[in-house]
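Work through the exercises below with the sequence and the model open side by side. Each task is followed by a solution in steps.

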Amino acid sequence: MLLLITKNPQTVEVFSKTAGQVFEVAMSLESAFLRVRKKNYSAIVVDEKDISSYLFLSEKVMSLKTFLARKEEKQKHIKNIEIKTPQTVAITSVKGSAGKTELIKRLVNILLMYKVLIVDMNFYEGGGDLCFEFDLPVLPHLGCFLKQKGDLKERFFASVYSLYENVDIIQSPPKLSLIQDLRKEDLERIISFAKENYDVIIFEIPPVSKREDLTETVLKNCDKKVVVITGFKVELERLKHIEADIVVSQTDVSNLVGDRFRAVTFKNFYKILE
């Protein structure tokens, strides 16, 4: 998450369209200081030319001009990528903390011109990783699909939270009991409707799920299946039992995964969309 320090509402509006991430706003140095003490931000962006008085907050402090320049530079590397839409991508791993959430954040950052939906399939008591990563409110979540009355459209959007412009998310519920009546047929309807309304749909799937019937439904209805690994030998062994098309790793593992998977490094993560 980013922290923007500004008193200008127009700056907030511009930033919301270009940041590509969830962000918070502090209107003073004092407010920023209190926020930094409570939360670890990926960057702190200051709407002033001279940022020297803000540097004590963190080594991650940068001016708005610098942030926007870096953003533009990143976009140059992927501007020629051709994305077939609608495209549905399932992202999983063979163990926890492999980098699924980080990969999703990177993908969202380069899909600013597309309509994107993220669906969190991490069904745990207490909520999934994405709800904490994006600091989401408890509502709405996938369970709201069951409670909402009306047609498919009304039920679908009752489950959707808007992260920022062009990016929505359906988060996992805080309690498993809230989706105990959700059937695979319901999820198939959700996926079908999403493909009609979004360019790219990204599912995050845990290594082990409390609702294997739902995760299997996602895998059957996805265009691409991506598994994220850190490169340890145990992960390479577990890949033998994983249904996936692409392996994403910090290092090049193409010589280790054989012909079964297409290997992509985190540096070139955007290639999974090609």
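The exercises cover two sheets, one central strand, a set of salt bridges and one helix end.

The model is predicted: local features need pLDDT of at least 70, side-chain atom pairs count only at pLDDT 80 or more, and totals for chains, interfaces and linings use all residues. Residues are numbered from 1 along each chain as its sequence is written, and side-chain values use heavy atoms, with hydrogens and water left out.

**Exercise 1. The four-stranded sheet**

Task: State the strand order of the open sheet of four strands, and whether its pairing is parallel or mixed.

Solution.
Step 1. Helices (H or I, at least four residues) and strands (E, at least two) are DSSP runs, numbered from the N terminus. Two strands pair if DSSP finds at least two bridges between them.
Step 2. The order is 2-1-3-4, and the pairing is parallel.
Step 3. Strand 2 (23–26) and strand 4 (61–63) are the edge strands, each pairing on one side only.
Step 4. From one strand to the next the twist averages 25 degrees. Axes here are lines fitted to C-alpha atoms, for helices over the stretch in contact, and angles run from 0 to 180 degrees between N-to-C directions.
Step 5. Inside the sheet, strand 1 (residues 2–5) and strand 3 (residues 43–46) run parallel and are joined by four bridges. I5 has V46 of strand 3 as its bridge partner.
Step 6. Helix 2 (residues 29–38) lies across strand 1, strand 2 and strand 3, and runs at about 140 degrees to strand 2. Contact means heavy atoms within 4.5 Å.

**Exercise 2. The eight-stranded sheet and strand 5**

Task: Give the order of the open sheet of eight strands, then say which strands strand 5 pairs with over five bridges.

Solution.
Step 1. The order is 7-8-6-9-5-10-11-12, with mixed pairing.
Step 2. Its edge strands are strand 7 (161–164) and strand 12 (262–265), each of which pairs on one side only. The twist averages 25 degrees from one strand to the next.
Step 3. Strands of a sheet pair through backbone hydrogen bonds, either parallel or antiparallel.
Step 4. Strand 5 runs parallel to strand 9 (residues 200–204), and five bridges join them. In this pairing V89 stands opposite I202.
Step 5. Strand 5 also pairs with strand 10 (residues 224–229), again in the parallel sense over five bridges. A90 stands opposite K225, and I91 has V226 as its bridge partner in strand 10.

Task: How many of the residues of strand 5 (residues 87–93) are buried?

Solution.
Step 1. Buried means under 20% relative accessible area, exposed over 50%, and partly exposed in between (1.4 Å probe, protein chains only).
Step 2. Seven of the seven residues of strand 5 are buried.
Step 3. Sorted by face, Q87, V89, I91 and S93 are buried on one side, and T88, A90 and T92 on the other.

**Exercise 3. Salt bridges around helix 4**

Task: Which residue forms a salt bridge with E204, and which residues form one with E102?

Solution.
Step 1. A salt bridge is a side-chain nitrogen of Lys or Arg within 4 Å of a carboxyl oxygen of Asp or Glu. By this rule the count is 11.
Step 2. E204 meets K100 in a salt bridge at 4.0 Å, N to O. E204 lies in strand 9 and K100 in helix 4 (residues 100–110), so the pair ties together parts that are 104 residues apart in sequence.
Step 3. E204 is buried at a relative accessible area of 0%, and K100 is buried at 6%.
Step 4. E102 meets K105 at 4.0 Å, N to O. Both lie in helix 4, three residues apart, about one turn of the helix.
Step 5. E102 also meets R106, at 3.1 Å. These two are four residues apart in helix 4, again about one helical turn.
Step 6. K105 counts as buried at 18%, whereas E102 is partly exposed at 34% and R106 is partly exposed at 26%.

**Exercise 4. N197**

Task: Where does N197 lie, and which backbone oxygen lies 2.8 Å from a polar atom of its side chain?

Solution.
Step 1. N197 is in helix 8 (residues 184–197).
Step 2. The backbone oxygen is that of F193. A polar contact is a pair of N or O atoms within 3.5 Å; within protein, one must be able to donate a hydrogen and the other to accept it, and residues adjacent in sequence count only if both atoms are side-chain atoms.
Step 3. N197 is partly exposed, at a relative accessible area of 33%.
Step 4. The C-alpha atoms of N197 and P86 are 8.6 Å apart, while the two residues are 111 residues apart along the chain.
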